[in-house]
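Okay, thanks everyone, let's get going. I'll put the structure up and then walk through it piece by piece.

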Amino acid sequence: MFFKKRTPMPTKAQMLSARPLRNPLIAWEASETGALLRAPIDNRGIWGRLRRIFRLRDERLIELDAIGAFVWERLDGQTTVDGLIVRLCKQYRLDRKEAEASLFAFLKMLSDRNYAALFVKKR
């Protein structure tokens with residue numbers, strides 16, 4: 001049997017020095033309450049044909065609250081995760097542990113949906 005080689009999990013230090021980057025295919029605009037993301041939907045196959053027949057949107061709309069928009073604006077590939085945590089703590093008066101947990105969960109969700117990527121330095 002052949003097994004796929006597993007990529008080792010990054011350490012906490014590597015995660016804190018990672019640089020998150022927005023997916024350039026996702027358009028976004030600021031709103032009164034936060035930000036509105038427009039993610040394109042794949043129109044291939046049966047779902048694409050149904051989408052065209054029923055004239056459904058070719059994009060998924062995602063609304064972010066003020067804190068989500070604050071983070072989204074700073075996903076530029078230059079700012080580190082640690083830098084984002086520090087900014088969140090200052091801007092929203094959060095303690096570091098709370099900001100860290102919330103940010104990691106938000107970045108994981110964005111990464112799982114291919115809305116953003118984390119660039120982690122190898123060991």
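So, start with the sheet. We've got an open sheet of three strands here, in the order β2-β3-β4, and the pairing is antiparallel. Before I go on, keep in mind that this is a predicted model. The two edge strands are β2, residues 27-30, and β4, and each of those pairs on one side only. On average, neighbouring strands in this sheet are turned by 15° against each other, if you ignore direction.

Let me zoom in on one pair. β2 and β3 run antiparallel and are joined over four bridges. If you want one bridge to look for on screen, take Trp28: its partner in β3 is Leu37.

Now, what lies across this sheet? That's α3, which lies across β2, β3 and β4 and runs at about 110° to β4.

Staying with β4 for a moment, have a look at Leu64, which sits in that strand. Is Leu64 buried or exposed? It counts as buried, because its relative accessibility is 8% and the cut-off for buried is under 20%. Leaving out residues up to four places away in sequence, Leu64 touches Thr33, Gly34, Ala35, Leu37, Ala69, Trp72 and Phe106. So that you can place it against the helix side: Leu64 and Leu103 are 39 residues apart along the chain, and their C-alpha atoms are separated by 14 Å.

That takes us to the core. The largest nonpolar core has 25 residues, and the ones touching the most other members are Trp72, Leu75, Leu103 and Leu110. Which elements feed into it? At least two residues each come from β3 (35-40), β4 (59-64), α3 (66-73), α4 (81-92) and α5 (96-112). Pick out Leu110 as an example: again not counting residues up to four places away, Leu110 touches Trp72, Leu75, Tyr115 and Ala116.

Okay, next slide, α4. This helix has 12 residues, and from first C-alpha to last it reaches 16 Å, close to the 16 Å you'd expect at 1.5 Å a residue. Which residues of α4 are buried? Those are Val81, Leu84, Ile85, Leu88 and Cys89. Looking down the axis of α4, the buried residues fall within an arc of 135°, so they line one face of the helix. And what's covering them? The cover includes α1 (12-17), β1 (19-22), α3, α5 and β5.

Right after α4 there's a bit of backbone I'd like you to see. Arg93 comes just after the helix and takes a positive phi of about 55°, although Arg93 is not a glycine. Arg93 sits in the loop between α4 and α5. This residue counts as exposed, because its relative accessible area is 78% and the cut-off for exposed is over 50%.

There's another one further along. Asn114 has a positive phi of about 60°, and Asn114 isn't a glycine either. You'll find Asn114 in the loop between α5 and β5, which is 116-119. Asn114 is exposed as well, at 54% relative accessibility.

That's my tour. Happy to spin the model around if anyone wants another look.

Notes:
Residues numbered from 1 in each chain as written. Predicted model: local features only at pLDDT ≥ 70, side-chain atom pairs only at ≥ 80, totals over all residues. Heavy atoms only, no water. Core = buried A, V, L, I, M, F, W, Y, C linked by side-chain atoms within 4.5 Å. Buried < 20%, exposed > 50% of the residue type's maximum accessible area, 1.4 Å probe, protein only. Contact = heavy atoms within 4.5 Å. Expected span 1.5 Å × (residues − 1). Arc of directions from axis to C-beta. Pairing = 2+ DSSP bridges. Axes fitted to C-alpha atoms, helices over the stretch in contact; angles between N-to-C directions.
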